[in-house]
Amino acid sequence: MTATKTTCPYCGVGCGVLASPQPDGTVAIKGDPDHPANFGKLCSKGLALGETLGLSQRLLYPEVNGQRTSWDQATALVAEKFSTAIAEHGPDSVAFYVSGQFLTEDYYVANKLMKGFIGSANIDTNSRLCMASAVAGHKRAFGADVVPCSYEDLEEADLVVLVGSNLAWCHPVLFQRLQGAREKRGTKVVVIDPRRSATAETADLHLAIKPQSDVALFNGLFRHLCGSGQIDGQFVHQHTENFSATLMAANEWSLAKTAMACGLTPSELENFFELFAQNKRVVTAFSMGVNQSTSGTDKVNAIINCHLLTGRISKPGAGPFSITGQPNAMGGREVGGLANMLAAHMDIEIADHRAAVQQFWQSPRMAARPGLKAVDMFDAVRDGRIKAIWIMATNPVVSLPDSNRTVAALKACPFVVVSDVTANTDTARLAHVKLPALGWGEKDGTVTNSERRISRQREFLRASGEARADWRIMADVAKGMGFSGFDYASPAEIFAEHVRLTQEGNDGSRKLDLSSWDGTDYDDLPPLQWGGSRPFESARFQTSTGKARFVATPYVALSEQNITLNTGRVRDQWHTMTRTGLVPKLFAHRAEPYVEINPQDAAQLGIKAAELVEVSGALGNSLARALVTDAVRPGNIFQPMHWNGSFACASLANAASEAQVDPVSGQPALKSASVTVKRFAAAWHGFGISRDHVTPKADYCAWRPINRGMAFECAGEKVPKDWGVYLYQALGAGGEVTSLQSHDSNSFRCAVVKDGQLVFAFFASAAPVEVSRDWLQARLGQRVNTLEVLAGRPQQATEDQGPILCACNAVGVKAIGRFIQSHPSANLETVCDGTKAGTGCGSCRIEIRRMMHEAAKPLAAAE
Ligand code: SF4
């Protein structure tokens, strides 16, 4: 069967995928060797896409107040409620909150409906949480939101500076391209990150700066470059403005002062400054660690300033490069899917632009000013200014800061609509109307990646249930509200309209111009990069003078706080886990919610490794397993943001984060919340496996899918009086139960066999449960020796794999460790070949390399 060429729906790398439905209903996934983003490679998440396509969690039919209804009724209700709110309270009383998961065509229709027909700009997107500061920084410096680099620049650079970016885990295929370049041309890599991430471990230089001190660092670099004769005078003179004011502001940043602000030694700083000065080909790539901050926009401009100063921009291997988190954050920006944008890179605050777009759309009214950005939008929902909100393809209860505020807002809102693929997200549970959207493989349209490359996401599966394309759902509601201009028959028609709008009134002054696409072959559209590899190659920028702008960036230190919470991502999960959370092997790398905490803090707080901790903010708290490590600085913790109510009962990282935002971009500061941390005094710990989904009642419980069922870890402050009753509640009736209980009730084990097969087993004790989890998980659904199950491990010792490190080939840490020990002179390739670890997507190679270094240390010391 011919494979369909499509695009991965996860991160902003935008890898090409070949998807081949198989006769048995499965879908085989491979990287597309012809796609210029990935040349055939995929990471662990991309490779597992075929395993996310089941129907178990899907929303299949429209629902109103939990009852199945028809599309006609649901559409009419949404149209009527929105129309009524607008008639009674004005256009700003309604809002759309959309998503970087949207295809560009979906985004285009949402933006057109809200800004051009409803007449409000209250449309914002979860991309606000991802790259709004980069957008604002680009606009200030270049006059438009244009990314000046391409992926090939990372391969052509001599120095790559990664700021606030764990590229190895969050953009793994791009990281592998960089590693390939390092091997070929010896590219130096500097990582600037308070945390020693997997990426930092591979760097030539890691600057573990104080959280949020990036502006000071780049101001210091700016002054150093000026003082050491590194200014590209001709470029600065001919192609930039506002240099003098920026220089004056940066002058105070002596080496000593910068080092003090960043928590570094002067010599560490000098090393970096000299590397930057000596290498003409420098790319500074940045991501969430820069953007998710109260000074995110200033950080972006402080970075851009250094590139403008040295003319290191829009030349091969040189430039500031924002790497986006979401698959189509960039496409959303192109069609104006943010509350402070218009469409086709026109400006909502310029009357001529508004008039041009209104004329093009033939629309009855236009939003006259920017709308509410994400955090402000949910505040307006909470205080009653917004009467109806439509949330599409996103899960803000989990991803926005201060989760409890978002929950309170949605509970208070008179009318909440959620369109989604998944039936029961933390957000969908609060909706009055749920509308089933097409999932990946079913929908059809385009996405744009971090290097401005538009690729097709193509349909290769039939729609599930009654799911519909997001653009069609919105177009039907628009028609129900009495608007014309939404009679689209296909995404191709929408894309063609978007292309025409990029040409509207565009005399070359706007870089976003898709006229090179002739509109005839949407189905076969090959990946298309607008603006070329380097859109500012001519050094003509999109400002009114054509010159790039330096922006003086005042440094504001993080105020004294308790412990600084940095939220982020793990290697094998994607955002709120609605899809990656369906794949057992993607939990092998990180099975439970966890918090990285420095050994000094752990000792001071009386927290031991693997104990549970409670992280508390002003409005909420979460529980997670302590991972004691010096990868985080004292006073800092790191907690992944993925776990939510669909995978754990009390582990929402953003429950403890704060809703502070960057004043320019409105992006929330998700990496520097002030929290307190304390040991959770667990009186008992439990581990269980179950064929059917159960949610044991416990203060802490986290569950994950495994083959033929689920596994869970739990703990509580009070030992249940009667374990039998506790289990009955968890499990329901049925099966043959064999149990063992200690006299003091502090230890309990049970196994349940039904029709000869193990369907449930549970182990609880006062100390963390020590059983062979992998071995037990493999027994589920099998005929078993019940006593062996109750022992929690096989009667005859087998070689333990240890926790799985390589998710692709299921190779554990212990197996790799044994191989390294028995082959002390093996190189990375030999270890990978010998164990099969790292031979799939390759994302775990960094950790294998680290194990090899750790194993080599005692030898080196002995020599
Ligand atoms: S790097 Fe991984 S998650 Fe990102 S687009 Fe490629 S395959 Fe998908």
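Begin with the charges of the whole chain: if you select the 85 positive and the 86 negative ones, their mean positions lie 2 Å apart. Keep in mind throughout that what you have open is a predicted model.

**The whole chain**

Now show the chain as a cartoon, where the secondary structure comes to 29 helices and 34 strands. The radius of gyration is 27 Å, close to the 29 Å that the globule rule gives for 863 residues, so the chain is as compact as a globular protein of that length. If you turn the C-alpha trace along its principal axes, you will find that it spans about 80 × 75 × 55 Å. Next, display the surface, whose accessible area comes to about 31400 Å², with 49% of it belonging to carbon and sulfur atoms. Beneath that surface, buried residues make up 61% of the 863 residues in the chain. Among contacts between residues at least 6 apart in sequence, 71% join residues that are at least 24 apart.

**Strand E2 and its partners**

Select residues 16-21, which form strand E2, and notice that this strand is mostly covered, since six of its six residues are buried. In a regular strand, the side chains alternate between the two faces of the sheet. Here, Gly16, Leu18 and Ser20 point one way, while Val17, Ala19 and Pro21 point the other way, and all are buried.

Add residues 4-7, which are strand E1, and you will see that E1 pairs with E2 in the antiparallel sense over four bridges. Within this pair, look for Thr4, which stands opposite Ala19 of E2.

Then add residues 27-31, strand E3, which also pairs with E2 in the antiparallel sense, in this case over five bridges. To find one point where they meet, select Pro21 together with Val27, its bridge partner in E3. Following the chain from E2 to E3 takes you round a hairpin with five residues between the two strands, and in this turn Gly25 has a positive phi of about 95 degrees.

**A loop residue, Val632**

Finally, move to Val632, which is found in the loop between strand E24 (621-628) and strand E25 (636-640). Is this residue buried or exposed? Val632 has a relative accessible area of 3%, and because buried means under 20%, Val632 counts as buried.

To see what surrounds it, leave aside the neighbours within four places in sequence and select the residues in contact with Val632, which are Arg195, Glu596, Ile597, Asn598 and Phe638. Of these, take Ile597 for a distance label: Ile597 and Val632 are 35 residues apart in sequence, and 6.4 Å apart in space from C-alpha to C-alpha.

Notes. Residues are numbered from 1 along each chain as its sequence is written. This is a predicted model: local features need pLDDT of at least 70, side-chain atom pairs count only at pLDDT 80 or more; totals for chains, interfaces and linings use all residues. Side-chain values use heavy atoms; hydrogens and water are left out. Buried means under 20% relative accessible area, exposed over 50%, partly exposed in between (1.4 Å probe, protein chains only). Two strands pair if DSSP finds at least two bridges between them. The radius of gyration is taken over C-alpha atoms; the globule rule is 2.2 Å times the number of residues to the power 0.38. Contact means heavy atoms within 4.5 Å. Accessible areas come from the Shrake-Rupley method with a 1.4 Å probe; for residues, only the protein chains shown count as cover. Lys and Arg count as positive and Asp and Glu as negative; His and the chain ends are not counted. The place of a charge is taken as NZ of Lys, CZ of Arg, CG of Asp or CD of Glu.
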